[in-house]
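Visitor: I would like a close look at one part: how the strands pair. Please go step by step, and then place that part in its surroundings.

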Amino acid sequence: MSLLELKKIWLVVLIALCSCGRNERMDALYAQRCINCHGPSGRGDGPVAASLPVRLTDFRETVERKSVSQIRRAITEGLGMMPAFAPALRPSEISDLVYMVRFLSREGRNIHWWERFDALVVAHCNIPWEAVFDYDQPQEEKKR
Amino acid sequence: MSSLFRITGSALTCALFIVGFSTVSPGAAPHDAQHGNTAQRSEVRIPIGQFSLTDQSGRRFELASIKGKIILVDFAYTTCPDVCPLMTAAMRTVQTNLNATEREKVYLLTVTTDPEIDIPKVLAAYAKRYHADLTNWAFLTGDPSSLSEVWKRFGVKVVRRARGLVDHTPLTAVIDQSGAMRFAYHGGAPDPKVILRDIRSLVRTP
């Protein structure tokens, strides 16, 4: 392990640390795709919500009981009048929205101990592990 | 390498516990889209002419194939985070409130404003989510040049902002039996009752 490789790993970890938790990218994406209906705090009070024939739920009441995959499915496949965002967004953007929804759902309520791990999961997802450990390089090249 | 991985992993975990939950950025700026709670209704008489697009099952759709029918048309796209869901919901309400006789005389069209995303498969899924009865409702897409010609005829302006994000004129319109646009509703939430009243006024006309 050379010093250069060591520096590379710590740089990646540092970037991951900086990007964990709720970040501006998530905020921008949420503002672009969700805020009109779900509102700035995820309470279902966006400017379009009042005109919808259905009452939007408050993230704080519902997301707690949903798994990451359930939230992801709602965002990718749509739910009733909610658009299916899979054709429009990259998987990383979908992940950002999933965690944004979870972060919003925690505001103003007591959170469970397992919900504290969200930031860790986000950080883990942000680390390009294949680059850190050279997964993408053929074995021959690694030996050289 | 593996020991380094363990050390790195532990350091990362500890560091995240310390700083991970405090990196909350300020709230996002509100969306700048305009939301008309009620659509502006206007009576017009604009000949639309013929056009040919592709429907949600991938088949060619000729406007001439529904010649003589009253057509309720709206312009929307499936990944719209704004008013398109309201427009499609209004279309659905109109469709469900048509009686059997009216259903034979009225046809509904949803024309996409985002052909990049709205391929027939995506439109079919969208129609299914809204429980659209496809016996008298078609969701149309096509190549950008054909679509822009159709948008132009209806006076719909379309500006692409990002992938799956489009600014467009929120138009719902009624075309009479002769192929002329007679009623236009500009805005995000057209009133289905008003649309039904206008459609029925045309149904009564021989």
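Guide: Start with one term. Two strands pair if DSSP finds at least two bridges between them. Keep in mind, too, that this is a predicted model.

Strands S7 (residues 158–162) and S8 (residues 165–168) of chain B fit that term. They run antiparallel, and 4 bridges join them. Pick one bridge to see it at work. B:Val159 of S7(B) has B:Asp167 of S8(B) as its bridge partner. S7(B) and S8(B) form a hairpin with 2 residues between the strands. Look at B:Gly164 in this hairpin, where phi is positive, near 75 degrees. Is S7(B) buried or in the open? The number of buried residues among its 5 is 0, so S7(B) lies largely in the open.

Now turn to the sheet of chain B. Strands of a sheet pair through backbone hydrogen bonds, and they do so in a parallel or an antiparallel way. The open sheet here has 6 strands, in the order S1-S10-S9-S4-S5-S6. Its pairing is mixed. Which strands stand at the edges? They are S1 (40–47) and S6 (137–140) of chain B. Each has a single partner strand, so one side of each has no neighbour in the sheet. From one strand to the next, the twist averages 20 degrees.

Walk inward and check the pairs. S9 (residues 171–175) and S10 (residues 180–186) of chain B pair in the antiparallel sense, over 5 bridges. One of these matches B:Leu171 with B:His186 in S10(B). Helix H6 (residues 192–204) of chain B packs on the sheet. This helix touches S1, S4 (70–76), S5 (106–112), S9 and S10 of chain B. The direction of H6(B) makes about 150 degrees with that of S4(B).

Next comes S4(B) beside S5(B). These two pair in the parallel sense over 7 bridges. For example, B:Asp74 has B:Thr110 in S5(B) as its bridge partner. On the other side, S5(B) and S6(B) also pair in the parallel sense, here over 4 bridges. B:Leu109 stands opposite B:Ala138 in S6(B).

Stay with S5(B) for a moment. In a regular strand, side chains alternate between the two faces of the sheet. You can follow two sets of residues here. B:Val106, B:Leu108, B:Thr110 and B:Thr112 point one way from S5(B). B:Tyr107, B:Leu109 and B:Val111 point the other way. All of them are buried. That fits the count for S5(B): 7 of its 7 residues are buried, and the strand is mostly covered. Set this beside S7(B), where the number of buried residues is 0 of 5.

Step back to the whole of chain B. It holds 6 helices and 10 strands. Of its 206 residues, 42% are buried. Take the contacts between residues at least 6 apart in sequence: in chain B, 72% of them join residues at least 24 apart.

Chain A is a useful contrast. How many strands does chain A have? The count is 0, with 9 helices. Among its 144 residues, 32% count as buried. For contacts between residues at least 6 apart in chain A, 54% join residues at least 24 apart.

With no strands to pair in chain A, look at how its helices pack. Two packed helices are described by the angle and the distance between their axes. Take H5 (residues 68–77) and H6 (residues 91–106) of chain A. Their axes come within 9 Å and cross at roughly 120 degrees. Angles of 65 to 115 degrees count as roughly perpendicular. H5(A) and H6(A) are therefore oblique to each other. The crossing is right-handed. From H5(A), A:Val68, A:Ile71, A:Arg72, A:Ile75 and A:Thr76 make the contact, and from H6(A), A:Ile94, A:Leu97, A:Val98 and A:Val101. By class, that is 7 nonpolar, 1 polar and 1 charged.

H6(A) also meets H2 (residues 24–33) of chain A. Their axes come within 9 Å and cross at roughly 90 degrees. H2(A) and H6(A) are therefore roughly perpendicular. Residues of this contact include A:Leu29 and A:Tyr30 of H2(A), with A:Leu97 and A:Met100 of H6(A). The classes are 6 nonpolar, no polar and 4 charged residues.

Terms used. Residues numbered from 1 in each chain as written. Chains lettered and ligands numbered in written order. Predicted model: local features only at pLDDT ≥ 70, side-chain atom pairs only at ≥ 80, totals over all residues. Axes fitted to C-alpha atoms, helices over the stretch in contact; angles between N-to-C directions. Parallel < 35°, antiparallel > 145°, perpendicular 65-115°, else oblique. Left-handed = near helix turned anticlockwise from the far one by under 90°. Contact = placed C-beta atoms within 7 Å. Nonpolar A, V, L, I, M, F, W, Y, C, P; charged D, E, K, R; others polar. Buried ≥ 20, exposed ≤ 12 C-beta atoms within 10 Å, placed from the backbone.
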